[in-house]
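Please look through the sequence and the model shown here before reading on. The report that follows starts with one helix and then widens its view.

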Amino acid sequence: MALRTLMTRKTLASASSNQGLLHQCRSLQTFSLPDLPYDYGALEPAISAEIMQLHHQKHHQTYITNYNKALEQLDDAIAKGDASSVVKLQSAIKFNGGGHVNHSIFWKNLAPISEGGGEPPKASLGWAIDSNFGSLEALIQKMNAEGAALQGSGWVWLGLDTQSKKLLVETTPNQDPLVTKGPSLVPILGIDVWEHAYYLQYKNVRPDYLKNIWKIMNWKHASEVYEKECPSH
Ligand SMILES: [Fe+2]
């Protein structure tokens with residue numbers, strides 16, 4: 001996740017001397033938009049270039065801008081000992097921070113067909129899917145059904161429970177990351193089912209978007225995440 005460091009200078013009255021002001025430098029990490037690992041048009045015809053560009057440059061960027069703003073406000077509120085503002089900022093941090101986390105995962109979950117997008121998982125992740133869901137096709141059907149049934153906006157995930165070492169399918173509302181469903185859950189792949197992810201191309205037919213997204217799924221990346229989290233399987 002891209003980070004940059006913003007130096008903030010806080011001027012505080014020195015409690016221990018009469019010689020004026022003490023300047024204290026602190027660093028606040030802020031976030032910036034990660035580059036996509038492919039061109040905007042590279043996922044066509046499954047997802048149009050127009051959707052990808054708007055989704056990345058406008059939607060993801062807006063989450064990052066608002067996340068950074070909320071973090072700066074939080075920093076100020078903590079410095080001032082303003083407990084009420086610290087609490088008030090939590091929903092903006094969850095929503096916009098979650099938006100940044102989820103979209104950063106989503107871009108890596110996709111790949112152009114020419115670069116292996118849609119090729120089924122092999123080795124350990126392939127075996128784990130077969131043993132947890134019966135087959136890859138059964139997993140896809142389950143994720144498509146849960147993604148289509150999700151009311152409003154949200155995400156459908158293939159996750160790994162790092163304690164039980166089991167794969168599971170979960171949905172989260174709004175921009176909640178998978179970890180909000182359990183501290184031991186790690187996303188193997190996530191699908192954005194917000195209307196902004198498909199409406200320009202698929203209108204209201206979310207099931208068609210879900211059907212086509214598997215043609216550009218980056219199972220190679222998903223396998224790498226799985227093997228890192230679950231090296232003994
Ligand atoms: Fe999105």
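Where in helix H1 is the kink centred, and about how many degrees is it? The kink in H1 is centred on His-55 and amounts to about 35 degrees, where the bend at a residue is the angle between axes fitted to the seven residues ending there and the seven starting there. This is a predicted model, in which local features need pLDDT of at least 70 and side-chain atom pairs count only at pLDDT 80 or more, while totals for chains, interfaces and linings use all residues. Residues are numbered from 1 along each chain as its sequence is written.

Helices (H or I, at least four residues) and strands (E, at least two) are DSSP runs, numbered from the N terminus. By that rule the protein has eight helices and five strands, and from the N terminus on the elements run β-β-α-α-α-α-α-β-β-β-α-α-α. H1 itself has 32 residues, and from its first C-alpha to its last it reaches 45 Å, close to the 46 Å expected at 1.5 Å a residue; the expected span is 1.5 Å times one less than the number of residues. After H1 comes Gly-81, whose phi is positive, near 70 degrees.

A residue is called buried if 20 or more other C-beta atoms lie within 10 Å of its own, exposed if 12 or fewer, and partly exposed in between, with C-beta atoms placed from the backbone. Of the 233 residues of the protein, 27% count as buried, and the buried residues of H1 include His-55, His-60, Tyr-63, Ile-64 and Tyr-67.

His-55 appears again in the UniProt record, an unreviewed entry, where the annotation "binding site" covers His-55, His-103, Asp-192 and His-196; such annotations may be inferred rather than shown by experiment, feature names are shortened, and positions are given in the numbering used here. Although these residues are spread over 142 residues of sequence, they cluster in space, with a largest C-alpha distance of 12.2 Å. Two residues are in contact if their C-beta atoms, placed from the backbone, lie within 7 Å. Not counting residues up to four places away in sequence, His-103 touches His-60 and Tyr-63, and His-196 touches His-55 and His-59. His-103 is found in helix H3 (residues 90–109) and counts as buried because it has 25 C-beta neighbours inside 10 Å. His-196, in the loop between S5 and H6, has 13 such neighbours and therefore counts as partly exposed.

A nonpolar core is a set of buried Ala, Val, Leu, Ile, Met, Phe, Trp, Tyr and Cys residues joined through C-beta atoms within 7 Å. In the largest core, which has 30 residues, Val-156, Ile-191, Val-193, Ile-213, Ile-216 and Met-217 touch the most other members. The largest share of this core, five residues, comes from S3. A second, separate core of seven residues includes Tyr-63, Ile-64, Tyr-67 and Leu-71.

Two lysines in loops have a positive phi, a value noted here in residues other than glycine.

| Residue | Phi | Loop |
|---|---|---|
| Lys-165 | near 65 degrees | between strand S3 (154–161) and strand S4 (166–173) |
| Lys-203 | near 50 degrees | between helix H6 (199–202) and helix H7 (206–213) |

Lys-165 counts as partly exposed because it has 13 C-beta neighbours inside 10 Å, whereas Lys-203 is exposed, with 11 other C-beta atoms within 10 Å.
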